[in-house]
Structure formats: C-alpha cells, structure tokens
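Please open the model in your viewer and keep the selection panel at hand. The tour below moves from one selection to the next and says what to look for at each stop.

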Amino acid sequence: MTAHLHTYRYGPEGPARVLALHGLTGHGRRWEHIAQNFLPEVPIAAPDLIGHGRSSWAAPWNFDANVQALSALLEADGGEPVVVVGHSFGCAVALQLAHHRPDLVSALVLLDAAVGLDGEWMAQIAAAMLASPDYPDPAEAREEKAGGSWADVDPALLDADMDEHLITLPGGRYGWRMYVPAMVSYWSELARPVVYPRPGTPTILARALWTDPPYVTDSLIAGLREHLGENLALVDLECLHMVAQAKPAETAALIRGLLAE
C-alpha cells in the first residue's frame with residue numbers, strides 16, 4: 001500500500017512544475033517562504049515525507065517507500081516530468097527518484113546534499129537523537145536551532161517554523177512533528193551508496209560553505225561529475241545548512257533557470 005503524503009501546494013493552480021523535498025526532521029511547509037515570495041508564478045508541490053509532519057508515520061521508513069509515494073503523487077498530477085528540488089536528506093530522496101523514475105524528473109537542484117555519508121557518523125547522530133529526542137520547553141528547542149544550522153536565517157522564519165513544527169508531547173515535553181523511530185531509520189539510509197540520475201539530467205549541486213562538518217563530500221561531487229559531465233553545475237553559497245531559508249533569492253534563481261531550460 002502506497003503511503004499518503006500530506007502535500008502543500010503553492011503558486012497557480014494546476015500540475016506542479018517543481019517538487020520540493022525537505023530535509024530529515026523537517027516538513028513541506030518549509031518551502032512556503034521561497035514559494036510565495038520568490039517563485040509565486042511557479043506551481044510547487046511540497047510534501048511532508050513519510051514519518052514527517054502530517055504525512056503517514058507508518059513503516060517502512062526508507063528511500064523505496066518515499067520514491068513510491070512521490071511517484072504516485074506526480075502521476076496523480078499528470079505524470080509530466082518536474083524539476084525536483086531537495087534539501088539535505090531530501091537530496092538523497094530526489095536522487096533515488098531520479099534514478100528509479102527518470103520519466104518523472106526533468107532536472108535536479110540539490111541544496112547542501114546529505115547523500116552517501118559515513119556510517120559511523122550516522123550512527124553517532126542517531127544515538128544522540130535517541131538520547132535526547134525532545135525538550136523541556138520551546139525556548140530550548142528554539143535555542144538549539146538558532147545556535148546551530150538556523151543561525152544565519154531570518155529569526156521570523158525560525159519563529160514560523162516552530163509554530164508549524166513544534167508540538168506538545170503526551171508527557172508535557174516538546175518535540176518536532178515527526179516520528180523518532182523513522183528518523184533513526186533514515187540516518188541509516190543516508191549511509192547507503194549514492195545512486196545517480198540518468199546521463200543528461202541537468203543538475204545543480206549547491207554547497208553551503210559554512211556547514212561544518214560538510215555534508216557535500218568530494219566523492220559525491222566526483223560521482224556526479226562522472227555520471228553527468230557538463231550537465232552538473234556546482235554552486236558555492238556562503239551560508240549554513242538551511243540554504244533555501246538563508247539564501248532564498250539565490251535558490252529561487254537556480255530553480256527558475258532550470259525551469260527556463
């Protein structure tokens with residue numbers, strides 16, 4: 001049974017021309033600012049991926065289930081190929097979709113891609129999440145983001161994200177609107193080998209220069225160059241990991257350029 005994806009729609013009515021995929025622990029509404037203020041003329045579909053937000057939290061939690069659900073979403077939209085924009089984990093999902101369903105993907109924009117990462121590192125992150133999955137109050141949750149990957153993002157966008165994504169848990173503590181067991185499974189998925197889009201797929205890899213340690217690896221760049229050649233463009237942006245929020249105008253320009261092609 002294909003999982004249901006709760007999907008935010010932005011721009012004019014009609015089939016999506018852009019499919020926007022959020023990062024791990026995120027949600028589809030994170031694309032709202034860039035969609036409404038920088039790409040208002042573009043029909044965009046921004047789903048919550050499985051285990052995230054208001055989409056199904058039911059297992060399995062892997063790339064295959066997300067590719068199946070995204071394929072069903074795009075087929076219901078008419079089945080025409082779209083520009084797929086991914087952030088972090090969303091880039092790994094985007095590459096899987098492009099690899100398995102090239103008929104649905106016309107081009108890729110990969111924002112600080114987290115793909116094919118070191119398994120020991122992923123185990124450490126998953127263990128840290130299990131050890132501290134929630135917060136005693138909203139202030140601590142906000143501080144974690146404001147002092148980390150959201151440090152260069154407009155505070156108003158962080159406030160809006162918290163309003164959407166932070167929920168009160170049954171025990172009175174606070175956590176993100178996501179299913180922690182699914183997140184742990186996804187950290188493992190990020191250690192899987194990279195898969196590549198078919199040759200000729202226009203692809204932009206945007207690297208956030210301030211992400212430390214970096215997610216975009218030299219091996220990912222080399223692999224994409226080997227498979228895509230001149231169809232790969234590497235763009236460096238001076239920002240932290242939340243690229244679409246920190247650099248919305250620049251991100252929108254990348255997307256618009258591929259739509260024009």
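A residue counts as buried when its relative accessible area is under 20%. Bear in mind throughout that this is a predicted model.

Begin by selecting Cys91, which has 0% relative accessibility and is therefore classed as buried. Then add Cys239 to the selection, likewise a buried residue, since its relative accessible area is 0%. Are these two cysteines bonded to each other or too far apart for a bond? The sulfur of Cys239 lies 12 Å from that of Cys91, which is the closest cysteine sulfur to it, and this is too far for a bond because a disulfide requires the two sulfur atoms to be within 2.5 Å. Accordingly, Cys91 takes part in no disulfide, and the structure as a whole holds 0 of them.

Next, colour the strands of the open sheet, in which 7 strands with mixed pairing follow the order β1-β3-β2-β4-β5-β8-β9. At its edges you will find β1 (7–10) and β9 (232–237), each of which has a single partner strand, so that one side of each is left without a neighbour in the sheet. From one strand to the next, the twist averages 20°.

Now narrow the selection to β5 (residues 105–111) and β8 (residues 203–208), which pair in the parallel sense over 4 bridges; within this pairing, Leu108 has Thr203 of β8 as its bridge partner.

Finally, show the helices that meet these strands. Helix α8 (residues 218–228) lies across β5, β8 and β9, and runs at about 150° to β9. Helix α10 (residues 248–260) also packs on the sheet, where it touches β2 (18–21), β4 (82–87), β5, β8 and β9, and its direction makes about 165° with that of β5.

How values were computed
Residues are numbered from 1 along each chain as its sequence is written. This is a predicted model: local features need pLDDT of at least 70, side-chain atom pairs count only at pLDDT 80 or more; totals for chains, interfaces and linings use all residues. Side-chain values use heavy atoms; hydrogens and water are left out. Buried means under 20% relative accessible area, exposed over 50%, partly exposed in between (1.4 Å probe, protein chains only). Two strands pair if DSSP finds at least two bridges between them. Helices (H or I, at least four residues) and strands (E, at least two) are DSSP runs, numbered from the N terminus. Axes are lines fitted to C-alpha atoms, for helices over the stretch in contact, and angles run from 0 to 180 degrees between N-to-C directions. Contact means heavy atoms within 4.5 Å.
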